[in-house]
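Here is a friendly walk through one chain of a model, written for someone who will have the sequence and the structure open side by side. Shall we begin with the strands and then turn to the core and the confidence values?

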Amino acid sequence: MPVAASAAEQGSSSGSAFFTGIEIDDQESHRIDLGMALESSRGTGFDLLGSRSAAGAASLDVSSTYAFGQLTQDFGRFGLGAGVRHVRDEIS
Amino acid sequence: MGYLGSAFVDFPAARVTASVETRSTDFDETSFTASGAELGLTGISSASGVATCSVDSLGYGLGLSVVRPTFSFYASGTKFDYSSYDCTATVTSTTSGSTTSPVSPGGRAPIHVTLPAAVTQLASNVTTRFGGYSSTRVPREGALLDSSVMVGASFALTARNTLGVELYHDSEEFAQSDTTTALAYLAFPLTRSVSMNVTAGASESDVLKNTVFAGVKLTGRSLAERGCGARHGARLFLATFSQPRTEWYV
C-alpha cells in the first residue's frame, strides 16, 4: 500500500512498473521479491508478484514460496479485481 | 491455493477497499497420537498413526486510504474464518488400557475426521511448528492467521522523497501466537525511471525472538505513459491490499 499511498509518487508513475527487493533480518532470514504491475490505457491491470523467503533458525528451517496474480479493472469511481495466489511453506 | 475478489469505491475524501478470499490449505502427512474419543474409536484409549489434513478458510478484508498532496493515511484489516476441517488418519497402533497393539497392514481403514478440535490435534505437529513465523519469516498469506490489521501513514519530505511508518498486528489461528511489526521506510528516486525504497523495522512475537530487519526495493517505471499516475497508484493499492508487507516495502 505505501507504493500507492506515497504522495511523492502520485503523478509520476506510469502504465507499468517492475520491482525487486530483498529483506534480511538478525535471525539469519532473508526474503527476495519480484513483481510487475501493468495497466492499459483503458484501466485494465495485471499484477504478478512472487517471493521466496528462507529462515535458518537454530532448531528449525523454514522456507516459503509465494506467487500472486491478479486482473483488475478501474472504472473511475470504483474498481474490481480477481486474483489467485499460491503459497508453499516448508519446514525441516 | 487461494482465490481473491476485491473492489474499491472512491469517495471525495477517501477510498474504501474490500476483499474476499477463499483458501484451501493442505498439510503434509504428519504423525499423531490422539485419544480414541477424539477419533471416534470406541474401546480404545489412544491411537497413533499418520494423518493427512486440510483446512478451508474464508478471509474478509476491508481497507481505507486517504491520499493528500503531502501525506497519506491507510489502514486495513482481514479476518479469517476456518469453516471446513478435514483429516484422513491412518492408525498404526492403538492402546487399550495399558496395552499397545500394532494395527496389521490392511487391518483398519483410514478414518475420516472433520471435527475442528480433532483436526487441530491431528495436524498440530505441522501447524504449531510455524508459530510466530507469520510476517517475520513467512508471508502473511503463508501463515494460518485468525486476523491481521495494519495502519500506516506517509509524508512527502520533498517533491519526490517520501517517509512512511507502519504498524501491523497478526494473530495466528492454530499456534495461538501474536506478532506485532513496526517499520519505517524512505522512498526516493535514483534516476528518472527508477526509485528506491529503504525499509527498517522490528517484529515482536509471542513465541520467537524479536526480529530486526532491513530491506531495499528498486522499482522501475515505464516512461511511455506518464500522466496516469493517480490511476496507476490506485490500482497498486488494490493489487497490494492484503499482501505481505515485503511486496511493497521492498
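Two strands pair if DSSP finds at least two bridges between them, and the elements themselves are DSSP runs numbered from the N terminus, with at least four residues for helices (H or I) and at least two for strands (E). This is a predicted model, in which local features need pLDDT of at least 70 and side-chain atom pairs count only at pLDDT 80 or more, while totals for chains, interfaces and linings use all residues. Residues are numbered from 1 along each chain as its sequence is written, and chains are lettered from A and ligands numbered from 1 in the order in which they are written.

Chain B has 5 helices and 12 strands. A good place to start is strand E11 (residues 194–205) of chain B, whose two pairings are set out here.

| Strand paired with E11(B) | Sense | Bridges | Hairpin connection |
|---|---|---|---|
| E10(B), residues 178–189 | antiparallel | 11 bridges | 4 residues |
| E12(B), residues 211–221 | antiparallel | 10 bridges | 5 residues |

On the E10(B) side, B:Ala182 sits opposite B:Ala202 of E11(B). On the E12(B) side, B:Ser195 has B:Thr219 as its bridge partner.

In a regular strand the side chains alternate between the two faces of the sheet. In E11(B), one face carries buried residues, among them B:Ser195, B:Asn197 and B:Thr199, whereas the other carries residues that are not buried, including B:Val194, B:Met196 and B:Glu204. Buried here means that 20 or more other C-beta atoms, placed from the backbone, lie within 10 Å of the residue's own. By that count, 41% of the 250 residues of chain B are buried.

Now to the nonpolar cores, which are sets of buried Ala, Val, Leu, Ile, Met, Phe, Trp, Tyr and Cys residues joined through C-beta atoms within 7 Å. The largest has 16 residues, and B:Cys53, B:Cys87 and B:Val119 are among those that touch the most other members. Strands E3, E4 and E5 and helix H2 of chain B each give two or more residues to this core. A separate, second core of 6 residues includes B:Phe80 and B:Leu144.

Finally, pLDDT, the predictor's confidence in each residue from 0 to 100, has a mean of 79 in chain B. Among the elements of chain B, strand E1 (residues 2–10) has the highest mean, 94, and helix H5 (residues 245–248) the lowest, 32. The model scores ipTM 0.80 and pTM 0.80.

How values were computed
A residue is buried if 20 or more other C-beta atoms lie within 10 Å of its own, exposed if 12 or fewer, and partly exposed in between; C-beta atoms are placed from the backbone.
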